[in-house]
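Let's work through a few short exercises together. Keep the sequence and the 3D view open as you go.

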Amino acid sequence: LCSLCGQGKYASAVGATSESVCIKCPTNMTTLAAGTQVKANCMCQAGYQRLFVGGECVPCLAGMYKVNVGDHNCVQCSAGSYAPVIASVACVKCAFATYLGATGASSSSQCVPCLPNTNSAEGST
């Protein structure tokens with residue numbers, strides 16, 4: 001019985017009878033689905049980007065994120081949020097009663113406390 005190579009692996013062999021012919025995608029890369037036949041279909045994992053075509057996948061810097069698998073670039077966190085670690089797949093909203101007007105923040109310490117007797121919702125700008 002034939003079976004597909006699992007997600008994150010590829011093989012061009014036809015009629016293979018074992019998963020041993022499946023080759024793991026390079027570090028920080030995966031495929032969108034099982035059954036990939038060529039290495040070119042290996043793409044950067046969420047939280048990683050390629051700096052140039054055919055290059056290795058490197059982590060998003062702190063203050064940036066990438067949600068999905070693919071070779072698109074990491075993007076800066078929007079105002080009101082931050083990404084404190086490399087390889088982030090999401091940004092964290094600034095806490096209640098704080099705000100942040102800048103993009104690309106990498107620390108909760110960049111969220112500014114509201115003035116006395118005022119407040120703001122989570123993620124406020």
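The exercises below look at cysteine links and backbone angles in this predicted model.

**Exercise 1.** Find out how Cys44 and Cys57 are linked, and which hand the link has.

*Solution.* Start with the sulfur atoms: those of Cys44 and Cys57 are 2.1 Å apart. A disulfide needs two cysteine sulfur atoms within 2.5 Å, and Cys44 and Cys57 form one. Next, take the torsion about their S-S bond: it is about -90°, so the disulfide is left-handed. Finally, place the ends: Cys44 sits in strand E4 and Cys57 in strand E6, so the pair ties together parts that are 13 residues apart in sequence.

**Exercise 2.** Decide whether Cys77 and Cys91, joined by a disulfide, are buried or partly exposed.

*Solution.* Recall the cut-off: buried means under 20% relative accessible area, and partly exposed lies between that and 50%. Cys77 has a relative accessible area of 1%, so Cys77 is buried. Cys91 has 24%, so Cys91 is partly exposed.

**Exercise 3.** Work out which disulfide, if any, Cys114 belongs to.

*Solution.* Look for the nearest cysteine sulfur: it belongs to Cys94 and is 10 Å away. A disulfide would need the sulfur atoms within 2.5 Å, and Cys114 is in no disulfide.

**Exercise 4.** Explain what stands out about the phi angle of Asn117.

*Solution.* Begin with the general rule: most residues other than glycine have a negative phi. Asn117 is not a glycine, yet its phi is positive, about 65°. Then locate Asn117: it is in the segment after strand E12. With a relative accessible area of 84%, Asn117 is exposed.

Methods
Residues numbered from 1 in each chain as written. Predicted model: local features only at pLDDT ≥ 70, side-chain atom pairs only at ≥ 80, totals over all residues. Heavy atoms only, no water. Helix = DSSP H or I, 4+ residues; strand = E, 2+ residues; numbered from the N terminus. Buried < 20%, exposed > 50% of the residue type's maximum accessible area, 1.4 Å probe, protein only.
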